[in-house]
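Welcome to this short tour; please have your viewer ready and your selection tool at hand. We will go from stop to stop, selecting a few residues each time.

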Amino acid sequence: MTVSGAEQEKIQTPPAAEGLSAERIAYLDSLVRQARTASAVFTQFTQEDVDRIVKPMVLAGLERAQYLARLAVEETRLGVMEDKVIKNMVATEFTYNYVKDKRTVGIIREFPDRNLVEMAEPIGVILSLTPITNPTSTVLFKCILAIKTRNAIIFSPHPKTLHCCSEALRIMYETAVKHGAPEGVFTCLQAHTLQDNAYLMGHKDVGLIDATGGPGAVKAAYSPGKPALGVGPGNTAVYLEKTADLNTAIVDIIISKTFDNGTICASEQTVVIDDEIYDQAMKKFSELGAHVCNEKETKLLERTVMDPQTGFMQPLAVGQKATDIAQFIGLPVAPNTKLLIAPIKGVGPEHPLSFEKLFPVLAVYRARSIDEALKVCVDVNHAGGLGHTAIIFSRNDEVVQKFGEVINAGRIIVNSPGSIGALGAVYNDLVPTFSFGCGTGGGNSTTDNVNIFHYLNIKRVARRTQNHMWFRVPNQIYFNMNAVENVRQFPSRSTIIVTNPALEQIGHADIVRRSLSPQTYGHVLVIADAEPEIKVVMQGVEALDSYKADQIIALGGGSVIDAAKIMKLKYESPQADLEELATPFLDLRKRVVQYPTEKINRARLIAISTTSGTGSEVTPFAVLTDKERRRKVTLADYSLSPDVAIVDPQFVMSMPRGLTADTGVDCLTHALEAGVSSYASPYTDSNAMQAIRLVFKYLPIAYENPHDEEARSMMHNAACIAALAFSNASVGVNHALAHAFGARFGVAHGRANALMLPHVLEYNAAVPTKFMPSPYQQGYVAHKKYATIADLLGLGGHTIEEKVKNLVAATEKLLDQLGFPRSIAELGISREEFERALPEMTKIAFDDPSWRSNPRMPLMNELVELFWKAYEGRSQAKAAGGLQPGTN
Ligand SMILES: [Fe+2]
């Protein structure tokens, strides 16, 4: 839905304007205008400018700490003057200590290794609600935060704190302006109503509402639907566990619960005490000035200090001394009583004292076990204190950890007082604050101790990262005629030679066996020359186990070598779950499933290829056939790469012509796809280009003259070199199409590739409908790289376009020379049958991981189009009549 300008204006008009006079609205608007102007001026300030202002403000606050504390107590009639002095000092000194060296202007943090920079931007105008319990300290604290972050604040203090807050604000404002802060940076709402607050909260120029106060204020702050920092109520559970240092714990609890007469919302509310130490703890409480109530006295407290209607504490008791409360309700206590302790038997509405009590009344619960203690603490936590604070006294780390796990609190204070502990930086390293985020449990946006970073919009400047790339290949590749003799140099006690029946029959396995060192026992394992399936793999593993093999030699085409790779994996790491390892991934380095590194056996894998196409002798891939589920899974990991590759042309001299052509075109497809892959690098390019050159030169010769040793040798090298490229750059959409089509119609892989190839070249050379996101490439380069390949092949052409056309034409010419069918139709597949198969094939092709590195992201309809082109065998180059101008 879009909103017109006029409607937008209507929406931005604060809904709470009703009930306010025009004069009042003008007054409120003027406050916002003033703050907005100040914040605009503030944006020009540097870090040094703001730091110059913050320090004198802190000093002024410290100097007037007692004065302001006195004013607060006189005006609110709650709390303890001496404690309020400490609060004012924490608000200034401790806050300063935390913020003084922090950067809050411009670049605030840099992460050079991540190419990431964080910059600060002020919020502008903040509306701040402050509470009755910590009036002046909260104002001092927020003023320092605001100046440090270049924000303006409109304060809306609790109505019963107007005088002391105005004074605190005056001191802060005058000092700030004197040292250069913009005029109007702090303003204070005088004698306000709830409507005033509502109007300001909804004002379009107020950027953030920061509400520290009761649940009503916090809820109101979240209501206008704009960013708000509202902190929730607390109900601090304390677990006094049997291993605790009891002397310290009892004193800490008394310090904390009596601090400012219990007005800090993080202060202790219910102490759950282990049975074993309960009596001792009660005795210590009494000795140190607490009055432990009997059952009747507890009932009296329940009735008087808690509101039976609402279940909340009685406002009259808030922040009062224990003796005053006792006197008020008619409870006889010793004159020096600091704290009233009420034993309770449960948590919830039937036990009113189990709720928050911001005065020196503490509930205690006797727990018979750790489990019971934790359960009661969780109950207290849920009875109005979610996300706030919890405390544990214990020397048992396990229990502390368990407590941390079960309690939902932004602050879990260990072995220290809750109220002062939660303020931060006194008893621990928490960030000093007067505003406790309670997370979603408390209906808040954060669990943090609110601080300067919540007063900033933090912008992250993320520079493009140059991801590390790699070129990983087996470190030993032996090639040329009789390279198999290199097998002898590898020490082995027991070697399993995995091969297929045909190769065994024509004596190739014997050649390999003869090349073993004399000390090696060699056993030949013949497996069916089909795609490897788990049954075959497990037979191999059995043989490896029974011969305690330390070396595997895979002699064969892609299937045999793939089978041997998986045998090695399962032999070395029997726990490897092949299905899980086949989980697809987008980025090799971020893959979810990792290959096992724990190995119970170790065996060297030597791969000797007997076809010139797949390059499996050097690749990290292995295809496994799952016959039961009638599917293939591809395993990919560099740990699958053979340790040694032997590229010996003697094993391909007798390859039939059809196989020569099929595997040769597979090799060409690998090189062409790796060449334009989004993962291509100069390392893979050099291999891809050379492989392409070799194929164009030698494949026709090897096809026509199978006994030409040079051509055979060079094609054998080309397959391996192309595999070095695609092992690292992967393939592309041609393979995705060929896999889907080949599997559906039982067409050999190389042949299926050939049917797609010219069309995919044209497709990738065109401006993509959808670019493939790739951090590795700069701009779209596929067409330029095809042109480079055309140049390398000496195909001529003046423009990139002409060169691409010439490459396509040369590829088609090569396919013609090799006698390939040039359309799917030529295979005898009817149009109707193809059309019926098309939707499923398209889905399968789209799911194929091969195209993830294609330079152009294929859309479903484009896959369909490519399939049809392959069906009809129409490439543009063909339509244009072959090679283009400038052809050599
Ligand atoms: Fe392939």
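Let's begin with R150, which sits in the loop between α6 (135–149) and β4 (152–157). Keep in mind as you look around that this is a predicted model. Is R150 buried or exposed? It is buried, because its relative accessible area is 6%, and under 20% counts as buried. Now look at its backbone: R150 has a positive phi of about 65°, although it is not a glycine. Here is some background for that: most residues other than glycine have a negative phi.

Next, select N480. You will find it in the loop between β16 (476–479) and β17 (494–499). This residue, also not a glycine, has a positive phi, near 85°. As for its surroundings, N480 counts as partly exposed, with 37% relative accessibility.

Now move on to T337, in the loop between α13 (322–329) and β11 (339–343). With a relative accessibility of 9%, T337 counts as buried. What does the side chain of T337 reach? Show A334 as well, and you can see the answer: the T337 side chain reaches the backbone oxygen of A334 at 2.7 Å. Then add G289, H291, A322 and T323 to your selection. Leaving aside neighbours within four places in sequence, these are the residues in contact with T337.

Our last stop is the iron ion. Which residues coordinate the iron ion? Select D666, H670, H735 and H749: D666 uses OD, while H670, H735 and H749 each use NE2, at 2.2 Å. Follow the chain through these donors and you will find the spacing D-x3-H-x64-H-x13-H. Two of them are worth colouring by helix. H670 lies in helix α22 (residues 657–676) and H749 in helix α26 (residues 749–765), so this pair ties together parts that are 79 residues apart in sequence.

Why is the arrangement around the iron ion irregular? The 4 donor atoms subtend angles of 83 to 164°. To count as tetrahedral, four donors would need all angles between 85 and 135 degrees, so the angles of 83 to 164° do not fit that range.

Before you leave, turn on the surface and look at the two helix residues again. H670 counts as buried, at 3% relative accessibility, whereas H749 is partly exposed, with a relative accessible area of 29%.

Methods. Residues are numbered from 1 along each chain as its sequence is written. This is a predicted model: local features need pLDDT of at least 70, side-chain atom pairs count only at pLDDT 80 or more; totals for chains, interfaces and linings use all residues. Side-chain values use heavy atoms; hydrogens and water are left out. Helices (H or I, at least four residues) and strands (E, at least two) are DSSP runs, numbered from the N terminus. Buried means under 20% relative accessible area, exposed over 50%, partly exposed in between (1.4 Å probe, protein chains only). Donors are N, O and S atoms within 2.8 Å of the metal (3.2 Å for Na, K and Ca); water is not among the atoms, so sites may look incomplete. Four donors count as tetrahedral if all angles lie between 85 and 135 degrees; four count as square planar and six as octahedral if opposite donors are over 155 degrees apart and all others between 65 and 115; anything else is irregular. A polar contact is a pair of N or O atoms within 3.5 Å; within protein, one must be able to donate a hydrogen and the other to accept it, and residues adjacent in sequence count only if both atoms are side-chain atoms. Contact means heavy atoms within 4.5 Å.
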